[in-house]
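Let's look at the empty space in this one: what is sealed in, what is open, and what lines each.

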Amino acid sequence: MTKRFGLWLQKVFSGQKSRAFYFRWYMINCFLFLLATTVSSYLYPIPYSIGLNRISNLGGYGKNPQGALLWNIFMGIFAVGNLPLLRYLNRSVSGLISAFQSNISPVSSEYLEGSDVSDVSDVSHISLNKFHSFSRWWNFLGYAGLFGMVGVAIFPEDLGMWHVIPALMAFFGLILWLNWQGYALSYIKILSKASVQLNIPDEADQQDQSNRQNSVISPLSASSSSKLKFLQLQIPVPTIRLSRIFLAILDISFIIALFFSMVDIPYHGSSPVLAIILDFPIWEWATFCQIFLSLGFFVRIFPSLSESNPRS
């Protein structure tokens with residue numbers, strides 16, 4: 001029983017479960033975070049407000065002596081709980097690009113340029129090998145972001161720069177990584193559209209069949225046409241546009257948060273609402289929430305490589 005649980009846990013944290021599983025995991029993780037936030041803010045000595053109080057105030061023992069320990073414990077659990085989600089998305093991007101490497105690579109740039117595929121200029125000048133290599137390095141930013149979250153839980157705001165550095169690492173790492181996921185999603189959509197319209201010759205498929213027989217990606221172990229059809233069905237155009245909207249909101253809120261964190265704007269005589277809008281905490285909270293809304297969005301819509309049904 002213990003061995004079976006260990007294997008299950010290993011599979012979860014290596015990103016090998018289904019999209020539906022990881023979305024449920026994401027919802028449970030968010031619920032635990034909301035529960036910890038609610039309880040620790042209730043234990044705050046004065047009424048806690050996201051418009052007036054920073055996130056780190058909940059974990060500071062000086063400002064929240066009764067609720068800080070609970071908040072910091074759950075922040076660490078929340079960070080570790082997001083690791084399987086990052087592993088799932090990184091594994092999905094890697095698997096999809098690997099599938100395209102075996103399907104598009106045999107096609108010459110001349111063949112691409114002679115087709116009527118829209119956005120073909122984007123495809124014909126892309127090196128899949130370079131993209132795959134760069135993607136692997138970029139994934140470390142996401143892991144660094146989670147590492148920063150763990151650091152925030154270990155080093156509360158009472159410790160000054162020991163808290164600020166991992167906090168910046170968490171924000172910058174996760175935001176840059178999420179932007180990369182959005183770019184990868186658009187890139188994969190272009191490749192899937194080009195591949196299906198190009199109708200890659202069967203000779204190329206037969207030539208590479210032996211190299212793909214040992215693939216661990218179940219729905220991508222069939223013929224090239226089945227693979228490409230699966231990929232095309234998974235990423236509708238509105239999804240690409242929606243991902244750009246999510247990331248635009250995330251990036252704008254983070255830029256504003258950085259601005260207000262460095263600038264002290266006097267709001268004396270301003271209305272309470274305006275004072276909150278011109279303060280840092282509301283934008284820090286907005287950015288923090290948008291990070292995990294974007295994470296959940298990508299988990300929900302990214303092609304699932306562990307399910308044979310494209311619509312599942």
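## Ground rules

Before talking about which element gives what to a lining, here's the bookkeeping: helices are DSSP runs of H or I with at least four residues, numbered from the N terminus. Keep in mind that this is a predicted model. As for the approach, rolling a probe the size of a water molecule over the atoms shows where empty space is left.

## The open pocket

The largest pocket comes in at about 520 Å³. Which helix gives the most to its lining? That's H7, with seven residues. At least two residues each are supplied by H3, helix H6 (128–154), H7, helix H10 (237–262) and H12.

In total, 25 residues line the largest pocket, and Ser 56, Ala 167, Phe 171, Phe 280 and Glu 284 are the ones nearest its centre. Chemically, the lining splits into 18 nonpolar, four polar and three charged residues.

## The sealed cavity

How many cavities of 30 Å³ or more does the structure hold? Just one, and the space in this largest cavity is about 40 Å³. Its lining is made up of Asn 82, Leu 86, Leu 146, Leu 174, Trp 177, Leu 178, Ile 291, Phe 292 and Leu 295. Two or more of these residues come from each of helix H3 (68–104), helix H7 (161–198) and helix H12 (280–301).

On the chemistry side, the cavity lining has eight nonpolar residues, one polar and no charged ones, whereas the lining of the largest pocket does include three charged residues.

Definitions and conventions
Residues are numbered from 1 along each chain as its sequence is written. This is a predicted model: local features need pLDDT of at least 70, side-chain atom pairs count only at pLDDT 80 or more; totals for chains, interfaces and linings use all residues. Side-chain values use heavy atoms; hydrogens and water are left out. On a 1 Å grid over the protein atoms alone, a cavity is a set of points where a 1.4 Å probe fits but cannot get out, and a pocket is an open set with protein on both sides within 12 Å along at least five of seven lines; lining residues have an atom within 4 Å of a point. Grid points are joined across faces, edges and corners, and a volume is the space filled by probe spheres set on the points. Ala, Val, Leu, Ile, Met, Phe, Trp, Tyr, Cys and Pro count as nonpolar, Asp, Glu, Lys and Arg as charged, and the others, Gly among them, as polar.
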